[in-house]
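Biologist: I should like to understand the terms applied to this protein. Could you take me through the reasoning behind them?

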Amino acid sequence: MRAHEAGALHGDIGSRGPAWLRSPADVNALVPQLWPRNVTRADDGALAVAGLGVREIAAEYGTPLYVLDEDDLRSRCRDFRAAFPDVDIYYAGKAFLCRAVVRMIAEEGLHLDVCTGGELATALSAGMPPERIGFHGNNKSVAELTRALDAGVGRIILDSFTEIDRLTALARERGVRPGVLIRVTVGVEAHTHEFIATAHEDQKFGFSLAGGAAAAAAFQVLDEGVLDLRGLHSHIGSQIFDASGFEVSARRVLALQAQIRDARGVELPELDLGGGFGIAYTTQDDPASPQDLAKRLRKIVDGECAAERLAVPHLSIEPGRAIVGPAVFTLYEVGTVKDVDGIRTYVSVDGGMSDNIRTALYDASYSATMANRASVAEPMLARVVGKHCESGDIVVKDEFLPADVQPGDLVAVPGTGAYCRSMASNYNHVPRPPVVAVRDGRARLIVRRETEEDLLALDVG
């Protein structure tokens with residue numbers, strides 16, 4: 001192992017790649033679990049989504065762009081509904097939100113989680129029934145809470161004592177009784193990146209269970225009687241594959257339910273176990289199906305409720321990445337191919353960290369394939385990088401591409417539906433890419449490409 005002062009992204013010097021990455025027998029083959037369900041290689045060797053070739057999509061909309069397989073997204077919504085028939089499924093809008101996606105998830109019977117005023121505005125403007133919206137966030141402003149109350153948002157997840165006081169005052173003024181949940185920090189260390197683990201004690205979200213803040217928050221809401229305390233909420237992190245964290249979380253939060261019952265004589269009727277269900281970005285990832293998740297979570301809750309002599313509460317979960325992540329791939333055009341002294345081959349594309357910051361921010365791994373043609377060339381271990389003035393501007397750290405990859409080729413990166421467009425930036429004044437939804441062989445623009453005029457319109461100096 002070779003250490004490097006610039007960090008892990010620069011430390012794996014050499015052309016070997018990670019131990020789990022194997023040279024493919026067929027460099028053109030698609031690994032099914034990584035791609036939207038309607039992506040195939042057509043007879044001409046190019047990728048097609050729902051029967052429409054990526055060359056045609058790129059010719060019409062340009063690159064880089066995000067391509068959404070609409071039927072894939074809808075089918076994942078249905079998979080969760082079928083697996084959790086008596087559970088409220090809140091799509092976590094922070095993964096990716098636009099009006100078209102709001103309408104899709106609403107039509108498929110899902111609820112919607114938002115965490116800012118902007119996300120709430122998007123949801124309402126797309127016609128999402130407000131009673132099916134949950135409002136998260138650790139620092140909701142008075143204006144945001146006011147809008148939520150006036151719109152009739154179905155539930156507000158309380159995150160601090162300041163917020164309890166703030167919302168209580170607003171509700172009194174308006175003579176309304178909004179439904180609320182208490183977000184509980186349960187002290188579970190989820191097996192995920194530090195920045196997306198959200199239930200350990202040392203972080204900004206929720207009320208600490210161990211320190212007694214969560215119980216105090218529940219007692220305050222119940223004693224004041226202004227807000228309608230519906231239940232407790234727990235979220236242990238993101239990109240999680242191990243269900244054991246949910247088991248510990250459920251045990252602790254249901255113990256708090258029992259404590260509240262014993263102290264105030266109230267059995268809260270709801271429990272939200274959060275989301276964070278992992279998806280496959282590479283062949284090393286093995287996510288559970290919604291059916292498996294449902295079986296595990298139901299067993300956990302039923303067992304803990306029996307142990308605490310509690311009625312089983314009405315459950316909610318919050319998948320975001322698990323619904324939209326696999327339904328999208330990003331399409332790039334290759335600009336340069338550079339072999340650096342036999343150390344590594346860099347394939348530079350026309351996007352980068354402005355449309356996918358996750359590799360740089362979380363050291364995330366992705367896969368890629370040649371998209372515009374098939375190749376008979378040998379596999380070549382390459383690094384797909386962006387066009388930004390930053391050495392950490394990496395899209396795919398290691399992937400086997402055909403050795404004849406050249407400028408003008410298209411490269412597709414799967415699994416980019418979650419947190420790529422939502423976290424996109426204008427770094428180096430690069431306009432953000434569009435989002436195109438494809439269904440039944442037809443493409444439609446659902447988020448247009450930013451232009452230089454858009455960038456300059458904000459510059460009033």
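Modeller: The discussion below takes each term in turn, and it concerns a predicted model.

Biologist: What makes the radius of gyration agree with that of a compact globule?

Modeller: A compact globule of 461 residues would have a radius of gyration near 23 Å, and the protein has 23 Å, so the value agrees with the rule. Along its principal axes, the C-alpha trace spans about 70 × 50 × 45 Å.

Biologist: What share of the residues counts as buried, and on what cut-off?

Modeller: Buried means under 20% relative accessible area. Of the 461 residues, 55% count as buried. The protein exposes about 19,200 Å², of which carbon and sulfur atoms supply 50%.

Biologist: How do you know what part residues far apart in the sequence play in the contacts?

Modeller: A contact requires heavy atoms within 4.5 Å. Among contacts with a separation of 6 or more, residues 24 or more positions apart account for 71%.

Biologist: Which strands are called edge strands in the sheet with the order 1-2-3, and why?

Modeller: This open sheet is formed by 3 strands with antiparallel pairing. Its edge strands are strand 1 (39-41) and strand 3 (52-53), as each pairs on one side only.

Biologist: How do you know that strand 1 and strand 2 pair?

Modeller: Two strands pair if there are at least two bridges between them. Here 3 bridges join strand 1 to strand 2 (residues 47-49), so the condition is met. T40 stands opposite A48 in strand 2.

Terms used:
Residues are numbered from 1 along each chain as its sequence is written. This is a predicted model: local features need pLDDT of at least 70, side-chain atom pairs count only at pLDDT 80 or more; totals for chains, interfaces and linings use all residues. Side-chain values use heavy atoms; hydrogens and water are left out. The radius of gyration is taken over C-alpha atoms; the globule rule is 2.2 Å times the number of residues to the power 0.38. Buried means under 20% relative accessible area, exposed over 50%, partly exposed in between (1.4 Å probe, protein chains only). Accessible areas come from the Shrake-Rupley method with a 1.4 Å probe; for residues, only the protein chains shown count as cover. Helices (H or I, at least four residues) and strands (E, at least two) are DSSP runs, numbered from the N terminus.
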